[in-house]
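Biologist: Please take one part of this model and go through it closely. I would like a single connected account rather than a list.

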Amino acid sequence: MGGMRYIAPTLCLILAACNAPSMGYRGLPAYTAQVGGADFTIRADRDKAEAVRTNTMMGARFGTIAPLAAEAMTEVTGCAVVPGSLGGDVAVITARLDCP
């Protein structure tokens, strides 16, 4: 029973990290976007952006999620995603931006 008191704080920390930005994006404004059934939190800094997927999608694959993240980045920033610059995984996707 003594271990039970650690479950709630641990669960809170885990859930709080679900939408946490990567190191290079901390402190930047966060914007939300929904594209193709995927929910993202977008942060951008000059010529780069990060999309953190915030909803669950069973069987999600990078090849399916990455174009949705790119569309969300473009929608939020008004900048084009540089072709071939998408990286990351199905939860956190980064890209370089081409802003006018």
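**Strand β6 and its partners**

Modeller: Strand β5, residues 87-88, pairs with β6 in the antiparallel sense, over 2 bridges. The model is a predicted one, and β6 is the part taken up here. Between β5 and β6 runs a hairpin of 3 residues. Within this pairing, Gly87 has Thr94 of β6 as its bridge partner.

Strand β6 itself covers residues 92-98, and its side chains alternate between two faces. Ile93, Ala95 and Leu97 point to one face and are buried. Val92, Thr94, Arg96 and Asp98 point to the other face and are not buried. Thr94, the bridge partner of Gly87, therefore belongs to the face whose side chains are not buried, where buried means under 20% relative accessible area.

Two further strands pair with β6. Strand β4, residues 80-81, does so in the antiparallel sense over 2 bridges. Here Val81 stands opposite Leu97, and Leu97 is one of the buried residues of β6. The pairing of β3 with β6 is antiparallel too and runs over 5 bridges. One of the bridge partners there is Arg96 of β6, which is matched with Lys48; the side chain of Arg96 is on the face that is not buried.

Strand β3 spans residues 48-53 and includes Arg53. Arg53 is buried yet has no salt bridge. The nearest side chain of opposite charge is that of Asp89, 7.0 Å away, and a salt bridge has to be within 4 Å, so this pair does not qualify. A polar atom of the Arg53 side chain does lie 2.5 Å from the backbone oxygen of Asn55. Leaving aside residues up to four places away in sequence, Arg53 touches Ala38, Asp39, Phe40, Ala60, Ile65, Val90 and Ala91.

As for the setting, the protein chain has 2 helices and 6 strands, in the order α-β-β-β-α-β-β-β along the sequence. Of its 100 residues, 30% are buried. Among contacts with a separation of 6 or more, 47% are between residues 24 or more positions apart. The chain exposes about 6,300 Å², and carbon and sulfur atoms supply 61% of that area.

To return to the strand itself, β6 pairs in the antiparallel sense with β3, with β4 and with β5, while its side chains alternate between a face that is buried and one that is not.

Key. Residues numbered from 1 in each chain as written. Predicted model: local features only at pLDDT ≥ 70, side-chain atom pairs only at ≥ 80, totals over all residues. Heavy atoms only, no water. Helix = DSSP H or I, 4+ residues; strand = E, 2+ residues; numbered from the N terminus. Buried < 20%, exposed > 50% of the residue type's maximum accessible area, 1.4 Å probe, protein only. Lys, Arg positive; Asp, Glu negative; His and termini not counted. Polar contact = N/O pair within 3.5 Å; in protein donor to acceptor, adjacent residues only side chain to side chain. Contact = heavy atoms within 4.5 Å. Areas by Shrake-Rupley, 256 points an atom, 1.4 Å probe, with all protein chains shown as cover. Pairing = 2+ DSSP bridges.
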